[in-house]
Amino acid sequence: MIRIMSLASVLALTTACASVPPEPIIEDTPFVEAAFVEDMPVRPVEIVETPTVLPLPGQMKPVDGTKRTVTRVYTSPTETIRKGTTEARIEPSVDGYVNAIQIYPYTEGALYRLYAAPGQVSDIALQPGEILVSVSAGDTVRWIVGDTSSGSGDTGRAHVLVKPVAAGLSTNLMIATDRRTYHLELVSVEAAYMAALSWRYPADELAELILRNKVASRREDALIAPGVAVDRLDFDYVIEGDTPAWRPVRVFDDGRQVFIQMPAGLASMEAPPLFVLGPSGDAELVNYRLRGTYYIVDHLFRAAELRIGEKDQTIVRIRKRVRRSGLASLFGGEG
């Protein structure tokens with residue numbers, strides 16, 4: 001009898017063990033320690049543009065009772081073209097050289113001078129990512145003009161190569177791309193020549209700077225304040241009183257400043273002023289900053305109120321919990 005019971009117990013135990021699912025196999029993954037990364041946001045920069053006086057018609061009018069004599073100086077079309085071309089021409093400068101590359105500031109309608117020499121190739125490098133559409137030269141018999149490219153992807157760059165067959169030659173060159181048009185004057189000389197030229201683009205740099213400022217401004221608006229010590233944040237505040245739409249979401253401090261987080265729709269509401277309550281309970285208007293949806297007060301306080309209205313005021317009170325010790329903690333714990 002005892003053997004039969006023992007056999008039954010063994011069978012029951014075996015069945016129970018078979019019904020228990022096997023333990024999952026936990027793979028041994030390497031431990032990665034969290035590292036603190038210092039946030040270095042890009043700050044907006046001040047952009048100062050040089051004002052340009054534009055000629056506006058009708059600003060200069062004759063005074064009543066006076067006669068005005070206009071003297072017109074006739075200029076032939078040839079002289080007008082020569083003067084306009086001379087004023088639009090940009091010559092190479094020593095300050096514009098970076099190694100062997102002459103870098104011109106790009107301006108729409110400017111006429112850039114390139115000096116070449118027989119037996120030498122001069123390289124005209126376009127902006128990275130700029131796509132070459134067409135190249136047209138005035139003299140394609142005595143000037144050899146070709147194009148090539150360097151790099152790939154976003155760093156791809158188109159190059160136009162020019163070489164004269166003799167000295168003392170001149171012609172013009174027009175380069176059309178998907179972004180702009182370049183006008184050049186080619187002059188061949190015997191000795192010196194320009195190995196390469198390219199451009200910098202002040203308008204593009206300004207547009208990029210404006211875009212960077214917008215991104216930096218949006219990022220700064222999203223930040224509460226720089227240099228907040230996260231490990232010192234204290235959320236031990238109580239929000240009491242009325243429940244308007246602008247009632248704060250939470251309140252905390254970092255030991256130096258108090259941050260009052262308001263609802264996301266604060267911009268479409270009437271923002272309430274903040275009053276700090278003194279030891280006697282008197283309300284005092286305090287200086288604070290509004291950054292995004294946060295009120296930032298530059299000093300700590302025990303109690304404060306947000307108020308709107310004159311007679312029937314809507315009041316929301318913010319109170320800092322005060323921890324008590326000793327016997328006082330047995331009768332309330334906190335105040």
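Accessible areas come from the Shrake-Rupley method with a 1.4 Å probe. The exercises below concern a predicted model.

**Exercise 1. Describe the overall make-up of the protein chain: its secondary structure, its burial, its surface and its contacts.**

Solution.
Step 1. The protein chain contains 3 helices and 20 strands.
Step 2. Of its 335 residues, 26% are buried.
Step 3. The chain exposes about 23,700 Å², and 57% of this area is supplied by carbon and sulfur atoms.
Step 4. Contacts between residues at least 6 apart in sequence are considered next; 61% of them join residues at least 24 apart.

**Exercise 2. Determine in what order the strands of the open sheet containing β13 are arranged, and which strands lie at its edges.**

Solution.
Step 1. The sheet has 4 strands, in the order β13-β14-β18-β17, with antiparallel pairing.
Step 2. An edge strand pairs on one side only, and here this applies to β13 (250–253) and β17 (288–291).
Step 3. From one strand to the next, the twist averages 20°.
Step 4. The antiparallel strands β13 and β14 (residues 258–261) are joined by 4 bridges. Within this pairing, Arg250 stands opposite Gln261 in β14.

**Exercise 3. Establish whether strand β11 is largely enclosed or open, and identify how β3 and β5 pair with it.**

Solution.
Step 1. A residue counts as buried under 20% relative accessible area. Strand β11 covers residues 196–200, and 4 of its 5 residues are buried, so the strand is largely enclosed by the rest of the structure.
Step 2. Strand β3 runs parallel to β11 and is joined to it by 5 bridges. Ile101 stands opposite Ala196 in this pairing.
Step 3. Strand β5 (residues 122–125) also runs parallel to β11, with 2 bridges between them. Here Asp123 stands opposite Ala196.
Step 4. Ala196 of β11 therefore faces Ile101 on the one hand and Asp123 on the other, within a strand that is largely enclosed because 4 of its 5 residues are buried.

**Exercise 4. Classify the aromatic pairs Tyr106–Tyr182 and Phe252–Phe259 as stacked or edge-to-face.**

Solution.
Step 1. A pair of aromatic rings is described by the distance of the centres and the angle of the planes. Planes under 30 degrees apart count as stacked, and those over 60 as edge-to-face.
Step 2. The structure holds 11 aromatic pairs. In one of them, the ring centres of Tyr106 and Tyr182 are 5.3 Å apart and the planes stand at 70°, so the pair is edge-to-face.
Step 3. This pair links distant parts of the chain: Tyr106 is in the loop between β3 and β4 (111–116), while Tyr182 is in strand β10 (residues 181–188), 76 residues apart. Both tyrosines, Tyr106 and Tyr182, are buried.
Step 4. For Phe252 and Phe259, the centre-to-centre distance is 5.3 Å and the planes are 25° apart; this pair is stacked. Phe252 and Phe259 are both buried.
Step 5. Ring pairs also join Tyr106 and Tyr182 into a cluster with Tyr104, Tyr112, Trp199 and Tyr201.

**Exercise 5. Identify which arginine lies over the face of Tyr106 and which has its charged end over the ring of Phe275.**

Solution.
Step 1. Over the face of Tyr106 lies Arg180, at 5.3 Å from the ring centre.
Step 2. Over the ring of Phe275 sits the charged end of Arg307, 5.3 Å from the centre of that ring.

**Exercise 6. Locate Asn99, state its backbone peculiarity, and decide whether it is buried or exposed.**

Solution.
Step 1. Asn99 is in the loop between β2 (97–98) and β3 (101–105).
Step 2. Although Asn99 is not a glycine, its phi is positive, about 60°.
Step 3. Exposed means over 50% relative accessible area. Asn99 has 77% relative accessibility and therefore counts as exposed.

How values were computed: Residues numbered from 1 in each chain as written. Predicted model: local features only at pLDDT ≥ 70, side-chain atom pairs only at ≥ 80, totals over all residues. Heavy atoms only, no water. Buried < 20%, exposed > 50% of the residue type's maximum accessible area, 1.4 Å probe, protein only. Pairing = 2+ DSSP bridges. Axes fitted to C-alpha atoms, helices over the stretch in contact; angles between N-to-C directions. Phe/Tyr/Trp six-rings, centres within 6.5 Å; stacked < 30°, edge-to-face > 60°. Lys NZ or Arg CZ within 6 Å of the ring centre and 35° of its normal. Contact = heavy atoms within 4.5 Å.
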